[in-house]
Amino acid sequence: MSVNLINTLSQPLRTAAKFVSHNEQASGLSTSRFIQDTSTCLVPKAVFARSKADLAENSFLELSESALVYFAPALIGEKIARKAFSKNLSAETKHLIAESAEKLMKQNNPAAKKVLPVKAAIALCALVIPLTEFTLNYFKNLMTLKVFKKGDFNNIANLEKTKEDKKFQNQVEKSAKKNIIKAAAIFSSAMALGILTAKKGANSKLLQNISEAILAPGSKFFKNNEKAQNFFNKYFSLDFASQDGKLVLSKGQLTSCVLIGGAGYFGASKDRGRQNFLETLFRFPLVGFYIITGSDLFERGFKKLLQKAGKCKETIGKNLEVPSFDRLESMAKKLAKKNNTKIEAEFNKLAKQKVLISGVPFLFSIGFMGFFVAGISNVFTRYRYKKDKKMQTINNQFLKQQNSSPAFKQFVC
């Protein structure tokens with residue numbers, strides 16, 4: 001994008017344009033995305049933090065989860081697993097690791113049969129990402145116990161201040177350690193299967209079938225249903241996606257992080273009491289759905305609305321594709337020549353459209369999924385807690401009255 005052209009924009013639009021442009025350029029840069037997405041998620045939670053312990057927990061979770069998503073796939077998939085498991089492949093077949101499993105399964109040749117088990121081994125190795133996600137909430141519980149000496153969520157969320165029960169704290173600690181060991185055992189089994197698959201998979205029909213089920217469950221189990229194939233391949237494949245020949249986190253792996261990580265969220269919250277579990281039950285489905293499909297659905301729906309209203313005609317294609325910011329300069333030149341107008345005027349128009357298309361979903365993410373969900377979940381938690389306390393008080397008063405009633409005493413006697 002031309003520096004001169006972007007400098008011709010008005011100050012608010014120029015700032016927004018630079019942000020959107022940087023965001024697109026940083027899509028493959030883990031550090032930039034890590035900083036941006038972590039701050040987007042963490043800031044709302046920090047604003048609504050109910051105690052130092054609550055702030056520390058949210059900071060720990062957001063930083064560690066973002067690190068897993070933005071750094072672990074490239075490190076584990078590309079740097080470690082790919083190098084380790086592809087050693088025995090020939091130079092001619094190594095590049096096929098970046099090919100989709102669906103394509104390889106359609107190729108009935110020796111090269112595909114050799115590569116599929118290797119891809120499956122790499123995918124099984126990458127299970128460390130969702131399994132680590134699963135353990136994070138248990139590590140969070142241990143951190144809060146160790147640093148803040150708190151295990152009761154009512155104290156952590158500042159709902160009330162009561163003396164911590166040592167027995168209860170021991171139960172929380174015991175459960176956390178048990179589930180962390182369980183996750184480690186599952187990963188060890190996955191690694192063992194991965195090593196076996198990589199070594200013997202090319203000559204074993206059973207391991208070939210297992211590899212296909214891991215990499216492309218839709219193609220494996222729904223051969224006569226294209227919609228089911230596409231759905232399960234997209235959301236339940238453990239295979240990596242490919243970007244410029246390199247392995248990156250796929251939608252299926254992201255789904256596994258949400259589902260397996262969700263089990264950790266619910267388990268760890270249940271350990272700390274009813275209010276923690278109910279808060280997770282309210283918040284997690286919204287956030288999880290948005291992470292897996294909601295953001296895509298919202299962006300697509302917003303572009304459809306703009307298209308239907310006849311807005312952003314120059315930047316929204318027939319299939320809702322939108323050009324990247326660095327293409328706007330060449331588009332502005334073509335439009336200026338076609339309409340006999342100034343390049344700066346056309347660029348200004350295109351920049352406004354691009355900022356609108358990219359900015360509204362981003363603001364929705366911060367506003368609704370960030371501040372609104374964080375705020376409303378806290379409000380509901382306090383409301384539920386007060387309601388439960390009120391019901392408990394009424395029940396205690398009723399039992400007290402019954403116990404003091406002569407008729408009740410006569411009945412008991």
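This tour moves through a predicted model, from its nonpolar cores to its empty spaces and then to single residues.

**Stop 1: the largest core**

Start with F85, I97 and I122. Of the 39 residues in the largest nonpolar core, these three touch the most other members. Now colour the contributing helices. Those that give two or more residues to this core are α4 (52-70), α5 (72-85), α7 (101-106), α8 (110-125), α9 (128-148), α12 (205-215), α15 (251-271) and α16 (274-308). Keep α8 highlighted, since α8 gives the most, with 10 residues. In soluble globular proteins, nonpolar side chains tend to be buried together.

Zoom in on I97. Not counting residues up to four places away in sequence, its contacts are R82, S86, L89, V115, V118, K119, I122 and L247. I122 is thus on the contact list of I97, and both belong to the trio that touches the most other core members.

Next, select V20, M331, L335 and L350. They are among the 15 residues of a second, separate core.

**Stop 2: the second largest pocket**

Go back to F85 and add N88, V118, A198 and K199. Of the 13 residues that line the second largest pocket, these five lie nearest its centre. F85 therefore serves two sites: it is one of the residues in the core that touch the most other members, and it is in this lining. V118 also lines the pocket and is in contact with I97.

Show the pocket as a surface. Its volume is about 270 Å³. Which elements give two or more residues to the lining of the second largest pocket? They are α5, α8 and α11 (166-200). Of the elements, α11 gives the most, with 3 residues. By class, the lining divides into 7 nonpolar, 3 polar and 3 charged residues.

**Stop 3: the largest cavity**

The structure holds 1 cavity of 30 Å³ or more. The largest cavity has a volume of about 50 Å³. To find it, select A123, A126, L127, I129, P130, L238, L249, Q253, S256 and C257, which line it. Two elements, α9 and α15, give two or more residues to this lining, and α15 gives the most, with 3 residues. Colour the lining by class: 8 residues are nonpolar, 2 are polar and none is charged.

**Stop 4: cysteines**

Stay on C257, one of the cavity-lining residues. How many disulfides does the structure hold? The count is 0. From C257, the nearest cysteine sulfur is that of C125, 14 Å away. C257 counts as buried because its relative accessibility is 8%, under the 20% cut-off. Then select C312. It is also buried, at 8% relative accessibility.

**Stop 5: two positive phi angles**

Move to K149, in the loop between α9 and α10 (153-156). K149 is not a glycine, yet its phi is positive, about 60°. Most residues other than glycine have a negative phi, and most peptide bonds are trans. Is K149 buried or exposed? At 53% relative accessibility, K149 counts as exposed.

Step on to N158, in the loop between α10 and α11. N158 likewise has a positive phi, near 60°. N158 is partly exposed, at 34% relative accessibility.

Now pick Q169, in helix α11. Q169 is buried, with 10% relative accessibility. Leaving out residues up to four places away in sequence, Q169 touches L145, K149, K150, G151 and E164. That list brings you back to K149, the residue with the positive phi of about 60°.

**Stop 6: two leucines**

Select L207 in helix α12. At 8% relative accessibility, L207 counts as buried. Setting aside neighbours within four places in sequence, L207 is in contact with L193, L196, T197, K200 and G201. For a long distance line, join L207 to Q392: the C-alpha atoms are 57 Å apart, with the two positions 185 residues apart in sequence.

Finish on L55, in helix α4. L55 is partly exposed, at 35% relative accessible area. Its contacts, not counting residues up to four places away in sequence, are A46 and A49. Draw a last line from L55 to L142. They are 87 residues apart along the chain, and their C-alpha atoms are separated by 15 Å.

Note on methods:
Residues are numbered from 1 along each chain as its sequence is written. This is a predicted model: local features need pLDDT of at least 70, side-chain atom pairs count only at pLDDT 80 or more; totals for chains, interfaces and linings use all residues. Side-chain values use heavy atoms; hydrogens and water are left out. A nonpolar core is a set of buried Ala, Val, Leu, Ile, Met, Phe, Trp, Tyr and Cys residues joined through side-chain atoms within 4.5 Å. Buried means under 20% relative accessible area, exposed over 50%, partly exposed in between (1.4 Å probe, protein chains only). Helices (H or I, at least four residues) and strands (E, at least two) are DSSP runs, numbered from the N terminus. Contact means heavy atoms within 4.5 Å. A disulfide is a pair of cysteine sulfur atoms within 2.5 Å. On a 1 Å grid over the protein atoms alone, a cavity is a set of points where a 1.4 Å probe fits but cannot get out, and a pocket is an open set with protein on both sides within 12 Å along at least five of seven lines; lining residues have an atom within 4 Å of a point. Grid points are joined across faces, edges and corners, and a volume is the space filled by probe spheres set on the points. Ala, Val, Leu, Ile, Met, Phe, Trp, Tyr, Cys and Pro count as nonpolar, Asp, Glu, Lys and Arg as charged, and the others, Gly among them, as polar.
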